[in-house]
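Open the model in your viewer and keep the sequence panel beside it. Each stop below gives a selection and then what is found there.

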Amino acid sequence: MTPTITAFAASPDRGQGLARDMRVRWALEEVGQPYKVRLLSFAEMKDPSHLALHPFGQIPTYEEGDLVLFETGSIVLHIADHHAGLLAANANARARAITWMFAAVNTVEPPILDLATAKLLEGDRPWTMERLPLVEHRVRGRLDQLSARLGDTLWLDDAFSAGDLMMVHVLQRLKPSGLLNGYPNLSAYVARAEARPAYERAFRAQLAVFTSKPSTG
Ligand code: GTB
């Protein structure tokens, strides 16, 4: 059965691949599963019909027959669970990859989101200039630790996994800040993931949503 995901009809990132449907598209491309996309406006995301699928009125969702999922960690895990390619067959390697998925969304993503919020939503508040260095310091702390663990290896565990997919997408959110530039091994890790054919296909698909819009000139 072909799953259907939801995505922004007009992503605020203008097709840079930072919205979270990118994680799901990328996972589906990695495992070779075709999918459909239903595009939603911000108003449609808060419509009761979408709230029935996603209690927080967000994208992405994942529908496959009777199954409806939200939360990208859960969706990517479901995809990885049902197809070969994103989780190792070996039980311990699989558990480690899932650990990295949780680390991405629970440990690395929160300070990165805090930085995005401080800059994009709170940039005009009088206390932001004082707070920003603290927020950046917390992000650097996590990057220091992640960089030390990655070292000069290609991926977080032996082979590329759903853990890398989630971690790379979390790190990409830092690109506009330039903070990743201070970590050559993390920058190379992100670039290595972006060079994967599945990533490129997913990126092009979400970019097409933006570029196919009629110009408002
Ligand atoms: N924890 C959830 C998950 O992982 O699935 C978070 C889902 C989420 O935050 N969805 C966002 C959303 O629907 C879109 S991706 N927001 C609308 C709302 O809450 O009303 C977040 C996002 C938005 C914009 C950019 N950007 O412009 O760069 C990047 C990421």
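Select D81 first: with a relative accessible area of 40%, D81 is partly exposed (buried means under 20%, exposed over 50%, partly exposed in between, with a 1.4 Å probe and protein chains only). This is a predicted model, in which local features need pLDDT of at least 70, side-chain atom pairs count only at pLDDT 80 or more, and totals for chains, interfaces and linings use all residues. Residues are numbered from 1 along each chain as its sequence is written, and side-chain values use heavy atoms, with hydrogens and water left out.

Add R94, which is partly exposed at 25%. D81 and R94 form a salt bridge, with 2.3 Å between the closest N and O atoms (a salt bridge is a side-chain nitrogen of Lys or Arg within 4 Å of a carboxyl oxygen of Asp or Glu). D81 lies in helix α4 (residues 72-82) and R94 in helix α5, so the pair ties together parts that are 13 residues apart in sequence. Helices here are DSSP runs of H or I with at least four residues, numbered from the N terminus.

Next, select D114, E122, R131 and R138, which are joined into one network by salt bridges that share partners. The structure holds 14 salt bridges.

Now select R23 and E109. Their side chains meet in a salt bridge at 2.6 Å, N to O. Because R23 belongs to helix α1 (residues 21-31) and E109 to helix α5 (residues 91-120), this pair ties together parts that are 86 residues apart in sequence. Are R23 and E109 buried or exposed? Both are buried.

Stay on α1 and select E30 together with R196. The closest N and O atoms of their salt bridge are 2.8 Å apart. R196 lies in the loop between α8 and α9 (197-211) and E30 in helix α1, so the pair ties together parts that are 166 residues apart in sequence. R196 is partly exposed at 23%, whereas E30, at 17% relative accessibility, counts as buried.

Finally, show helix α6 (residues 128-150) and helix α8 (residues 184-194), whose axes come within 9 Å and cross at roughly 75°. Axes are lines fitted to C-alpha atoms, for helices over the stretch in contact, and angles run from 0 to 180 degrees between N-to-C directions. The crossing makes α6 roughly perpendicular to α8 (65 to 115 degrees). Select L143, L146, S147 and L150 of α6 with N185, L186 and Y189 of α8, the residues that make the contact (heavy atoms within 4.5 Å).

Key
Helix = DSSP H or I, 4+ residues; strand = E, 2+ residues; numbered from the N terminus. Parallel < 35°, antiparallel > 145°, perpendicular 65-115°, else oblique.
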